[in-house]
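Visitor: I would like a close look at a single part of this model, taken slowly and with the cut-offs spelled out. Please choose one helix and follow its packing and its surroundings.

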Amino acid sequence: MAAERLSRVTVAEAALRLGDDEGLDAVTIRRLATELGVTPMALYWHFKNKDELLIGILDHALSTVRADRSVGDPWQKQLRAMIEALVDVCRRHPVLPDLLHSVDKNQVTSFTRATEDALALLAEAGFDVQEGFWIGSYLLHGAIGLVDAQPELPVNVPAAEGREWRRQRRLELECLPVDRFPMMVRFGATYAGEPEVERYYAFGIELLINGVEASARPTS
C-alpha cells in the first residue's frame, strides 16, 4: 500500500487484523509498516508511537458500540443493542479483550462515547450516575467474559479442530466417576451434538440485560 493512500482508519484496520492473527505483542509500528509495505516513518504521520496506535485500534474497533439516541426505542432495547454490538465486535476480533485490558480507555473517544450513551440509558432506568457507571463496567466485563468463556468451542481452538475438541471434551467428562460427578457426566453428553453457539450468546446477553432490568427503578 502506497504511503500516500494510508489513513488512520486503514492503519488501524491493518493493525487490528495483525493483532487478531498473531496477538497483541505482534502489533508494533515496525511490523505493521512491513505488513503495509511502507516505512515506519509513514505510520508516524498517523500514530506517534505504539501507545497511540493501540488507542487508535480500540477507537476504531468500538466505533459501532453506541446507542441510537435519535429514535424512541425504550432504554432496554437500546442497551441490549449496545451489548450485542460489543459482543459481536469481540467475537470478530479476538485481540479486543487484551486491548481493553491494556489500553487506557479514558483516551479512547469511542469508548467514552459508548460510556456516555450507557449512562444516559441507565439514568432513564432510574439509576444514579455512579450506579450507572458500575453497571456499565459490569456489562463490559460480562460481554468480554461471555466471549472468553465460550464453552461450545473456545475462541483459541480453530474451527477445523472443533469436532475433535468436542469429542475429547465429551470423553473427558463422561469418564468422570458418575457417583461423584453425575451432573458433569450428564453435561458431557451435550458435546455429542452440534454446538449451539448463537443460542449461547443470546442466552448470555439475556442474562446480562435481565440483571439490569430487575434492578431498575421506575422514574416519574
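**Helix α11 and its partners**

Guide: The crossing of α8 and α11 is right-handed, a crossing being called right-handed if the near helix is turned clockwise from the far one by less than a right angle, and left-handed if anticlockwise. This is a predicted model, in which local features need pLDDT of at least 70 and side-chain atom pairs count only at pLDDT 80 or more, whereas totals for chains, interfaces and linings use all residues. Residues are numbered from 1 along each chain as its sequence is written, and side-chain values use heavy atoms, with hydrogens and water left out.

Helices here are DSSP runs (H or I, at least four residues), numbered from the N terminus. Helix α8 (residues 129–148) packs against α11 at an angle of about 165°, with the axes 11 Å apart; axes are lines fitted to C-alpha atoms over the stretch in contact, and angles run from 0 to 180 degrees between N-to-C directions. The two helices are therefore roughly antiparallel, the word used for angles over 145 degrees. Among the residues that meet, with contact meaning heavy atoms within 4.5 Å, are Leu139, Gly142 and Leu146 in α8 and Tyr201, Gly204 and Leu208 in α11. The residues of this contact divide into 12 nonpolar, 3 polar and no charged, where Ala, Val, Leu, Ile, Met, Phe, Trp, Tyr, Cys and Pro count as nonpolar, Asp, Glu, Lys and Arg as charged, and the others, Gly among them, as polar.

Helix α5 (residues 75–92) also packs against α11 (residues 197–215), at an angle of about 140° and with the axes 10 Å apart. The crossing of α5 and α11 is right-handed, and the residues of their contact divide into 10 nonpolar, 1 polar and 6 charged.

Leu139 lies in helix α8 and is buried, with a relative accessible area of 7%; buried means under 20%, exposed over 50% and partly exposed in between (1.4 Å probe, protein chains only). Leaving aside neighbours within four places in sequence, Leu139 is in contact with Leu79, Ile83, Leu208 and Val212.

Beyond the end of α11, the side chains of Arg217 and Glu131 meet in a salt bridge (2.9 Å, N to O), that is, a side-chain nitrogen of Lys or Arg within 4 Å of a carboxyl oxygen of Asp or Glu. Arg217 lies in the segment after α11 and Glu131 in helix α8, so the pair ties together parts that are 86 residues apart in sequence. Arg217 is partly exposed at 39%, whereas Glu131 is buried at 18%.

Terms used:
Angles under 35 degrees count as roughly parallel, over 145 as roughly antiparallel, 65 to 115 as roughly perpendicular and the rest as oblique.
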